[in-house]
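Work through the exercises below with the sequence and the coordinates at hand. Each task is followed by a worked solution.

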Amino acid sequence: MEMTSEFYGKLLVAARNITNNHQDHEDLLQECLVALYEKDKDFIQELHDNKALQFYCVRIMLNMWNSSTSSYHYKFRFQKKFMFEFFEGVPDEYCPSNKNVLTPTIQEIRNQLHNEFLDDAVDTMHEVLGELYWYDAELFKLYKFGSNNGKRWTLNSLAEKTGISRTSIFDTTHRVMKYLNKRMKEETTLLTYDI
């Protein structure tokens, strides 16, 4: 079964509605399509024949958007959260817990700036991790962000799964975190927006 541009357009509209026009709607849809691709082809064909495929995709996107254990959460939101917590002294307007009473327009601008900053920081983080030896970078990503299926690892569980000693995992992730901290401070400047 091939996906038509009309069907893709309908799913894109659904993703925008689920995310309330949040800029991450395309990432959500792409993660849904990855999940769909991993399903059994006969199952997908049966859904298509029964005209239930669109509903099934929307349900996947809703579950991914609302779940803190979904693959979408670990690939996108969790990395942004990590970068948000990574920086010290971030101005209050970047903090989601800030309860300032603002007009919706100003709040929307601040949210957009916040999301753009975190998107850039995540991209920069992956570039910096690309400078490292592949083993160090992959072990760090696995420990900090979990695997693609949303599974999080502790030092003990990762050591058991990989056969790498707990001490080696700790030393490697600690060394990468120090390097990342140094390089991210060189690469990233925080801008203060007086809005």
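**Exercise 1.** Check whether the end-to-end span of helix H2 (residues 25–37) agrees or disagrees with its expected span.

Solution. Helices are DSSP runs of H or I with at least four residues, numbered from the N terminus. The expected span is 1.5 Å times one less than the number of residues. H2 has 13 residues, so it should span 18 Å. Its end C-alpha atoms lie 18 Å apart, which agrees.

The model is predicted: local features need pLDDT of at least 70, side-chain atom pairs count only at pLDDT 80 or more, and totals for chains, interfaces and linings use all residues. Residues are numbered from 1 along each chain as its sequence is written, and side-chain values use heavy atoms, with hydrogens and water left out.

**Exercise 2.** List the buried residues of H2.

Solution. Buried means under 20% relative accessible area, exposed over 50%, and partly exposed in between (1.4 Å probe, protein chains only). In H2 the buried residues are His25, Leu28, Leu29, Glu31, Cys32, Leu33, Ala35 and Leu36. Across the protein, 38% of the 195 residues count as buried.

**Exercise 3.** Place Asn66 in its helix and classify its exposure.

Solution. Asn66 belongs to helix H4 (residues 53–66). Its relative accessibility is 59%, so Asn66 counts as exposed. From its C-alpha atom to that of Ile18, 48 residues away along the chain, the separation is 9.4 Å.

**Exercise 4.** Which secondary structure does the protein contain?

Solution. The protein has nine helices and zero strands. Along the sequence the pattern is α-α-α-α-α-α-α-α-α.

Conventions. Helix = DSSP H or I, 4+ residues; strand = E, 2+ residues; numbered from the N terminus.
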